[in-house]
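Me: Please take a close look at one part of this model, the sheet and its strand pairings, and then set that part in the context of the remaining elements.

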Amino acid sequence: MGDNMSELLNVKNLKTYFFTKYGTVKAVDGVSFKVDKGETFGIVGESGCGKSITALSIMRLVPDPPGRIVGGEIVLEGEDILKISDNEMRKVRGKKISMILQDPMTSLNPVFTIGIQLEEAIKIHQGLKGRSLRERAIELLEMVQISSAAVRYKNWPHQLSGGMRQRVIGAISVSSEPRLLIADEPTTALDATIQVQFLRLLRELQEKTGVGLVFITHDFGIIARMCQRAAVMYAGRIVETGSVRDLFDNPSHPYTAALMRSLPKLEEKVERLASIEGQPPPLNDDIQGCRFAERCTVAEHQCRLSYPDETEISDGHFVSCWKF
Ligand SMILES: Nc1ncnc2c1ncn2[C@@H]1O[C@H](COP(=O)(O)OP(=O)(O)OP(=O)(O)O)[C@@H](O)[C@H]1O
Ligand SMILES: [Mg+2]
């Protein structure tokens, strides 16, 4: 067991690389963070910085080849899930961890009713049959606020609106009563109103089930709305971690500060975070120093020479920058 009773997930120095003919792509290169039971932890960063690969690593679903987890630990409820067999991992995946994918519209199978799909998910985990299985499926649909759940249960995915389909996916993802739910940009494909509804639903599901949530997004507004703590990722690494308050009131890494400055006004549709001058470096480049140095307005000689250690600048607020 872990030494900390409230700790759900502890990712330590995770490294996930892709071995391609263009070289080694260090998609995740030494990522560490912790999530407490029942907490919502955000991971935020520009496109291509390694958010989804971090999530897939936790699920142990990185496409191999060309990808491979080459280092680190992923400790879930005290157990390093990188050490268990594939078979045991399949059970963990079904039972303890669940994931909502970046493109939710493709997650439902068009040729089965939503009732059948929900029942399949429940059956695997809870061994229910017949009437109690159906009752549980309808209960879950009610929990995600599908009205006339007993009727909707017989619908095919195409008969539901986008928002309803997203709710069904929410129901399926908590049907195993997971301890950890990873939501990888679950709302990017949705319009603003449905997005707000789905975020509210996730929060409610969390309150009801006590599931720990890792919420991945490129949108700081969503981080503010959903998370207690968050990590800012840049080019395969976490550059700053802290409470959402720390990050908003005292963004300390120059990258975080730049992201904050580029924040659109509330409720404005968020484009990919692109208003910072320049581009992230290709992840197959061998960079010794800070990966943000090229775009950083306060970078000095030291920043290009070696990577800065993580410094705790206030309680629970960590930054990797030579300024500290
Ligand atoms: N199969 C693969 N082969 C080679 N490189 C890959 C592969 N899959 C992902 N990568 C690389 O890993 C890096 C991280 O990708 P990832 O999908 O985690 O980004 P992301 O932060 O989720 O971006 P987005 O916000 O666009 O979803 C990218 O540079 C990507 O090119
Ligand atoms: Mg992604």
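Reply: In this predicted model, a suitable point of entry is glutamate 240, which stands opposite valine 319 in strand 12. That pair belongs to the pairing of strand 10 with strand 12 (residues 317-320), which is antiparallel and runs over 2 bridges. Strand 10 (residues 237-243) also pairs with strand 9 (residues 229-234), again in the antiparallel sense, over 6 bridges. Within that pairing, arginine 237 of strand 10 is the bridge partner of tyrosine 234.

Strand 12 has a further antiparallel pairing, with strand 11, over 4 bridges. Here serine 320 in strand 12 is the residue that glutamate 310 stands opposite. Strand 11 and strand 12 form a hairpin, and 2 residues lie between them. Glycine 316, in the turn, has a positive phi of about 80 degrees.

These pairings can now be placed in the whole sheet. It is an open sheet of 8 strands in the order 6-7-8-3-9-10-12-11, and its pairing is mixed. Strand 6 (97-100) and strand 11 (310-314) stand at the edges; each has a single partner strand, so one side of each is left without a neighbour in the sheet. On average, neighbouring strands of this sheet are turned by 20 degrees against each other, direction ignored.

The model contains another open sheet, formed by 4 strands in the order 2-1-4-5 with antiparallel pairing. Its edges are strand 2 and strand 5 (79-80), each with a single partner strand, so one side of each is left without a neighbour in the sheet. Strand 1 and strand 2 pair in the antiparallel sense over 11 bridges, and asparagine 10 stands opposite lysine 34 in strand 2. Helix 1 packs on this sheet, where it touches strand 1, strand 2 and strand 4 (67-76). The direction of helix 1 makes about 70 degrees with that of strand 2.

Some of these elements also surround the ligand. Strand 1 (7-20), strand 2 (23-36) and helix 1 (51-59) each supply at least two residues of the shell around ligand 1. The most is given by helix 1, with 3 residues. There are 18 residues around ligand 1, of which Ala27, Ser47, Lys51, Ser52 and Ile53 come nearest. By class, the shell has 8 nonpolar, 9 polar and 1 charged residues.

A pair of helices completes the account. Two packed helices are described by the angle between their axes and the distance between the axes. For helix 6 (residues 162-174) and helix 7 (residues 192-209), the angle is about 20 degrees and the axes are 10 Å apart. Helix 6 is therefore roughly parallel to helix 7, and the crossing of the two is right-handed. Helix 6 makes the contact through Gly162, Gly163, Gln166, Arg167, Gly170 and Val174. From helix 7 come Ile194, Gln197, Phe198, Leu201, Leu202, Leu205 and Thr209. By class, this contact has 6 nonpolar, 6 polar and 1 charged residues.

Definitions and conventions
Residues are numbered from 1 along each chain as its sequence is written. Chains are lettered from A and ligands numbered from 1 in the order in which they are written. This is a predicted model: local features need pLDDT of at least 70, side-chain atom pairs count only at pLDDT 80 or more; totals for chains, interfaces and linings use all residues. A residue is near a molecule or strand if its C-beta atom, placed from the backbone, lies within 6 Å of it. Ala, Val, Leu, Ile, Met, Phe, Trp, Tyr, Cys and Pro count as nonpolar, Asp, Glu, Lys and Arg as charged, and the others, Gly among them, as polar. Two strands pair if DSSP finds at least two bridges between them. Two residues are in contact if their C-beta atoms, placed from the backbone, lie within 7 Å. Axes are lines fitted to C-alpha atoms, for helices over the stretch in contact, and angles run from 0 to 180 degrees between N-to-C directions. Angles under 35 degrees count as roughly parallel, over 145 as roughly antiparallel, 65 to 115 as roughly perpendicular and the rest as oblique. A crossing is left-handed if the near helix is turned anticlockwise from the far one by less than a right angle, and right-handed if clockwise.
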